[in-house]
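User: I am new to this structure and would like a guided look at one part of it. Please start with a small detail, then take me through its surroundings.

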Amino acid sequence: MQHGMKKRRGGAFWVVTTVALTIVGLVLALSTYEVGRTRSEASHPFGKTTVKDRVELNVWVGKIDTTTQTATLEVMAHPLGALADKYGFFKSDATIFTSALKADPIKIKAGQPISAAEVKVVVEGTITDYPFDSYDSVLAFDVFSGETELPVSASISSGDTFFEVTESPVDGVVNGIDVDLYAERSLPSMVFAMFIMLLMLGLAVAAATACHYVLAGKRGLMFPAVSMMGALLFALVPLRNAVPGTPPIGSLIDFTSFFIAEGIISVALVGTVVIGYRVESAKERAESAEKQDGQPPKPPQPQPVSHTQFQPQSQYQPVPRYQQQYPGQQPPPLGQHRPLLPQ
């Protein structure tokens with residue numbers, strides 16, 4: 001009965017532990033999601049925010065392309081105070097100069113509806129540092145109405161879920177606005193990339209363990225183990241490409257996990273097949289030798305027989321002379337008188 005009580009207590013302990021770990025993991029996951037969501041929705045104002053008559057720029061960072069080293073921005077301009085007419089449009093023509101790749105400025109006509117303009121700016125960073133890569137850029141905006149430079153304020157927000165974007169203003173700008181943009185991998189992207197890296201290393205350890213189990217025990221060719229290693233070898237490629245951001249081959253993630261895992265699994269697979277084949281061949285030779293040593297003795301081979309042993313006896317045996325004279329009588333034993341036979 002005590003054994004049954006201990007068993008029930010042990011089962012209850014594992015149930016409680018599993019539930020507690022599940023709750024903790026869920027809380028951490030939701031906290032990570034909330035942090036990423038809050039940062040993506042955050043908007044930071046810069047520039048002449050205290051000036052009443054100014055141009056308000058809403059800058060939305062849509063996507064940071066690490067392959068082309070560019071960031072796509074959506075820029076929307078709103079006149080405030082004396083710069084706007086009664087409909088909220090610009091009273092006079094305006095031109096927005098930006099630090100975009102293309103030198104063409106954004107031109108706005110007086111009294112016409114304002115639409116968002118898409119611009120691309122250069123970002124500087126090392127993509128092969130993935131997942132610890134970061135990028136810098138400078139956003140510069142100057143608004144002119146004719147020859148007059150207008151005061152500018154800006155609110156910058158980011159919609160790229162793969163990055164956390166932070167901004168800091170550049171000092172010394174009079175009417176325009178210059179902002180240093182800094183982007184690094186978001187927390188969810190970092191957690192997922194680290195999980196993939198640890199998973200690849202764990203799969204490599206699993207393959208090495210299976211190889212040691214097969215070779216240390218001299219179990220020969222175990223096709224389940226070989227199949228598992230082959231599946232892991234080819235499964236790592238799509239697993240590596242599943243990380244967010246599609247880093248190029250030769251990134252930090254490759255040298256710290258992918259290349260190592262591929263090398264370990266490849267060596268384990270080839271070693272298991274080659275050494276396992278040798279073990280199987282040795283076993284077959286040993287079994288063949290045992291069969292030959294334990295074979296029962298062969299039956300005696302028939303000896304050649306001389307022709308004299310098989311000479312047929314004649315059907316007509318010669319009749320002794322005594323029996324010819326006295327048919328039906330046996331001759332007397334030696335030493336006794338015999339009747340004389342006629343000559």
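Where does Pro131 lie, and between which two strands? Then please look closely at H2: which elements do its buried residues pack against?

Analyst: A word on the source: this is a predicted model. The protein chain has five helices and twelve strands. Of its 343 residues, 30% are buried. Among contacts with a separation of 6 or more, 63% join residues 24 or more positions apart.

Pro131 is in the loop between strand S7 (124-125) and strand S8 (134-145). The peptide bond leading into Pro131 from Tyr130 is cis. Its omega is near 5 degrees. For context, most peptide bonds are trans.

Another loop runs between strand S2 (55-65) and strand S3 (70-79), and Thr66 has its place there. Thr66 has a relative accessible area of 5%, so Thr66 is buried. Leaving out residues up to four places away in sequence, Thr66 touches Ile127, Asp133, Tyr135, Phe163, Arg185 and Gly245. Gln69 also lies in the loop between S2 and S3. Gln69 is partly exposed, because its relative accessible area is 21%. The phi of Gln69 is positive, near 55 degrees. Most residues other than glycine have a negative phi.

Next comes strand S12, which covers residues 177-185 and holds Leu181. With 4% relative accessibility, Leu181 is buried. Val165 sits 16 residues from Leu181 along the chain, and their C-alpha atoms are 6.9 Å apart. Val165 is also among the residues that Leu181 touches, not counting those up to four places away in sequence. The others are Val61, Tyr135, Asp136, Ser137, Leu139, Thr166 and Glu167. Tyr135 is thus named for Leu181 and for Thr66.

Now to H2. This helix covers residues 187-216. H2 has 30 residues and spans 43 Å from its first C-alpha to its last. That is close to the 44 Å expected at 1.5 Å a residue. Just after H2, Lys218 takes a positive phi of about 50 degrees.

Which residues of H2 are buried? They are Ser189, Met190, Ala193, Ile196, Met197, Met200, Ala204, Ala207, Ala210, Cys211 and Val214. An α-helix has 3.6 residues a turn, so residues three or four places apart point the same way. As for your question, the buried residues of H2 pack against S12, helix H3 (223-241) and H4.

Two packed helices are described by the angle between their axes and the distance between the axes. For H2 and H3, the angle is about 165 degrees and the axes are 10 Å apart. H2 is therefore roughly antiparallel to H3. Their crossing is left-handed. On the H2 side, the residues are Ile196, Leu199, Met200, Leu203, Ala206, Ala207, Ala210, Cys211 and Val214. They meet Ala225, Met228, Met229, Leu232, Leu236, Leu239 and Arg240 in H3. By class, this contact of H2 with H3 has 15 nonpolar residues, no polar ones and one charged.

H4 covers residues 252-293. The axes of H2 and H4 come within 9 Å and cross at roughly 15 degrees. H2 and H4 are therefore roughly parallel. H2 passes H4 in a left-handed crossing. The contact of H2 with H4 has 18 nonpolar residues, five polar and no charged.

How do H3 and H4 relate? They pack at about 160 degrees, with their axes 9 Å apart. H3 is therefore roughly antiparallel to H4. H3 passes H4 in a left-handed crossing. H3 supplies Val226, Met229, Gly230, Leu232, Leu233, Leu236, Val237 and Arg240 to this contact. H4 supplies Ile253, Asp254, Phe258, Ala261, Glu262, Ile265, Ser266, Ala268, Leu269, Thr272 and Val273. Split by class, the contact of H3 with H4 has 13 nonpolar, three polar and three charged residues. Met229, Leu232, Leu236 and Arg240 of H3 take part here, and these residues also meet H2.

One last loop links this part of the chain. Thr246 is found between H3 and H4. Thr246 is exposed, because its relative accessible area is 55%. The phi of Thr246 is positive, near 45 degrees.

How values were computed: Residues are numbered from 1 along each chain as its sequence is written. This is a predicted model: local features need pLDDT of at least 70, side-chain atom pairs count only at pLDDT 80 or more; totals for chains, interfaces and linings use all residues. Side-chain values use heavy atoms; hydrogens and water are left out. Helices (H or I, at least four residues) and strands (E, at least two) are DSSP runs, numbered from the N terminus. Buried means under 20% relative accessible area, exposed over 50%, partly exposed in between (1.4 Å probe, protein chains only). Contact means heavy atoms within 4.5 Å. Axes are lines fitted to C-alpha atoms, for helices over the stretch in contact, and angles run from 0 to 180 degrees between N-to-C directions. Angles under 35 degrees count as roughly parallel, over 145 as roughly antiparallel, 65 to 115 as roughly perpendicular and the rest as oblique. A crossing is left-handed if the near helix is turned anticlockwise from the far one by less than a right angle, and right-handed if clockwise. Ala, Val, Leu, Ile, Met, Phe, Trp, Tyr, Cys and Pro count as nonpolar, Asp, Glu, Lys and Arg as charged, and the others, Gly among them, as polar. The expected span of a helix is 1.5 Å times one less than its number of residues.
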